[in-house]
Amino acid sequence: MRLALLLPLFLFTQMILFAQNICRTTEYRQQLLLNHPELASKIAAVETFTKNFQKGNGYTTLGFNPASDGSGIITIPVVVHILYNSAQQNITDAQVQSQIDILNQDYRRLNADTVNTPLVFHDAAADCGFQFRLAKVDPNGYATTGIIHKKTNIQSFGVEDAIKFSAQGGDDGWDKDSYLNIWVGSLNGAILGYSSVVGGPKENDGVVVLYTAFGTGGTSVAPYNKGRTTTHEIGHWLNLIHTWGDADCGDDQVADTPPQQTSDMGCPSGTIISCTNSPLGNMYQNYMDFTNDACMNLFTNGQKSRMLALFQPGGERYAILSSTALTATPLQNPVSEPIITSISIYPNPSVDNITIQLSDDIAIGSQLEIYNGFGQKTATIIVKQSQFQMNISSFGKGVYFIKAINGNSKTMAKLVKL
Ligand SMILES: [Zn+2]
């Protein structure tokens, strides 16, 4: 008898422990509120704002159309910060693009596996109307690929957000009012990812994803190799709650997702009844559940309305609608400026190692001086070879000038440290 009572509890506990390893957004939120209780009222205000929007001021009743071009599609500029400790973790730009492509399918319901959405959920399934584009212009106005590759000495990051700060071995986020920041790297334990909290600190805003659960191909590993971890975490970034409401038969504040007791794992089949959700059963195909990438395929209209509330005037993400990260004309990129006469630097811009190539008129034994953007000399180098490598990872971000002191003070090159 005692065993019979204990066993279900044991199984339940195991399930929770395992579940916590998938997405740490709930724990991150709890920790944030413990450390910053003053944020509770702001986060509650976001919820009230969202509820008011859902109650009757929604896009369906007012024809609310947040897109500036009238298409009804909201475009989100994205910057991906790749933090790598080993060369293997330095994922390719192609893998980043594969993730962007997946987001553009999942948030427009253009994913091929919509055919796996059960008939009973077809009416609830939504084209959420979001599209994602890698940023074209960085916060300083220069051209960018929207992808930053940065070496770090940190072997793996936790949910304390070090990955979001250069001073802690990560990379500083770009302004949340213009960009969605995605950090990709090695994470502690079995964490696949987590999102910041809507209404939380500006500097921490964005999502963090494990490099083996990001995009398709490359370093991605089954069963998290179809980019759905990022789809899920961006769902949180857009204010969605797990389908079980983070409690036993909890409330995810969405009417068209059936209540469910807890997370679903793996790749279930058939109807799973819990919390008197018969005959529909758990919507384990929802991106906000914990099932395998290959087994999830929808957001709902209710979830869409929660997301869209953020983009109303006064909403937490309203400002990003005015981002110029995709549309501004970039300042002339320093790398293409013809001021370089005898000093070549590559790669440029750079994060860590650069190669400096000097032309013959710069003598061996002469000096190079490095100045920061304020004209302050930050280093002097004695030229020993016409081509050499230099590590600039200790430099602060910004523009530097490398000047040859060779009787020709005009020989100068511009270097951009990212
Ligand atoms: Zn989650």
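# A tour of pockets, strands and cavities

Start with the largest pocket, which holds about 670 Å³ of space. The model is predicted. Of the 27 residues lining this pocket, select T144, I147, I148, P349 and L418, the ones closest to its centre. Next, colour the elements that give two or more residues to the lining: β3 (147–151), β12 (398–405) and β13. Among these, β3 gives the most, with three residues. By class, the lining of the largest pocket splits into 14 nonpolar, eight polar and five charged residues.

Where does the largest pocket lie relative to domain 1 and domain 2? Colour domain 1 (2–322) and domain 2 (334–417) separately; both give residues to the lining of the largest pocket, so the pocket lies between them.

**The four-stranded sheet**

Stay with β12 and β13 and display the sheet they belong to. This open sheet has four strands in the order β10-β9-β12-β13, and the pairing is antiparallel. At its edges are β10 (377–382) and β13 (412–417), each pairing on one side only. On average, neighbouring strands of this sheet are turned by 25 degrees against each other, with direction ignored.

Now select β9 (residues 367–372) together with β10. Five bridges link β9 and β10 in the antiparallel sense. To find one bridge, pick E369, whose partner in β10 is T380.

**Strand β4**

Move to strand β4, residues 180–185. Is β4 enclosed or open to the outside? Six of its six residues are buried, so β4 is largely enclosed by the rest of the structure. In a regular strand, side chains alternate between the two faces of the sheet. For β4, select L180, I182 and V184 for one side, then N181, W183 and G185 for the other; all of these are buried, and both faces of the strand are covered.

Add the partners of β4. Strand β1 (residues 74–84) runs parallel to β4 and is joined to it by five bridges. Strand β6 (residues 207–210) is also parallel to β4, with four bridges between β4 and β6. Centre the view on V184: I82 stands opposite V184, and in β6 the bridge partner of V184 is V209.

**A buried phenylalanine**

Select F290, in the loop between α6 (228–237) and α7 (301–309). Is F290 buried or exposed? Its relative accessible area is 3%, which is under the 20% cut-off, so F290 counts as buried. Then add S263 and draw a distance between the two C-alpha atoms: F290 and S263 are 27 residues apart along the chain, and these atoms are separated by 5.9 Å.

**The two cavities**

Finish with the enclosed spaces. How many cavities of 30 Å³ or more are there? The count is two. The largest cavity has a volume of about 90 Å³. Of the 13 residues lining this cavity, show I22, L192, R228, T229 and H232, the closest to its centre. The lining of the largest cavity comprises six nonpolar, three polar and four charged residues.

The second largest cavity contains about 30 Å³ of space. To display its lining, select K176, D177, W237, E316, R317, A319 and I320. By class, the lining of the second largest cavity has three nonpolar, no polar and four charged residues.

Notes: Residues numbered from 1 in each chain as written. Predicted model: local features only at pLDDT ≥ 70, side-chain atom pairs only at ≥ 80, totals over all residues. Heavy atoms only, no water. 1 Å grid on protein atoms, 1.4 Å probe; cavity = no way out; pocket = protein on both sides within 12 Å on 5 of 7 lines; lining within 4 Å. Points joined across faces, edges and corners; volume = space filled by probe spheres on them. Nonpolar A, V, L, I, M, F, W, Y, C, P; charged D, E, K, R; others polar. Buried < 20%, exposed > 50% of the residue type's maximum accessible area, 1.4 Å probe, protein only. Pairing = 2+ DSSP bridges. Axes fitted to C-alpha atoms, helices over the stretch in contact; angles between N-to-C directions. Domains from an automatic or database assignment.
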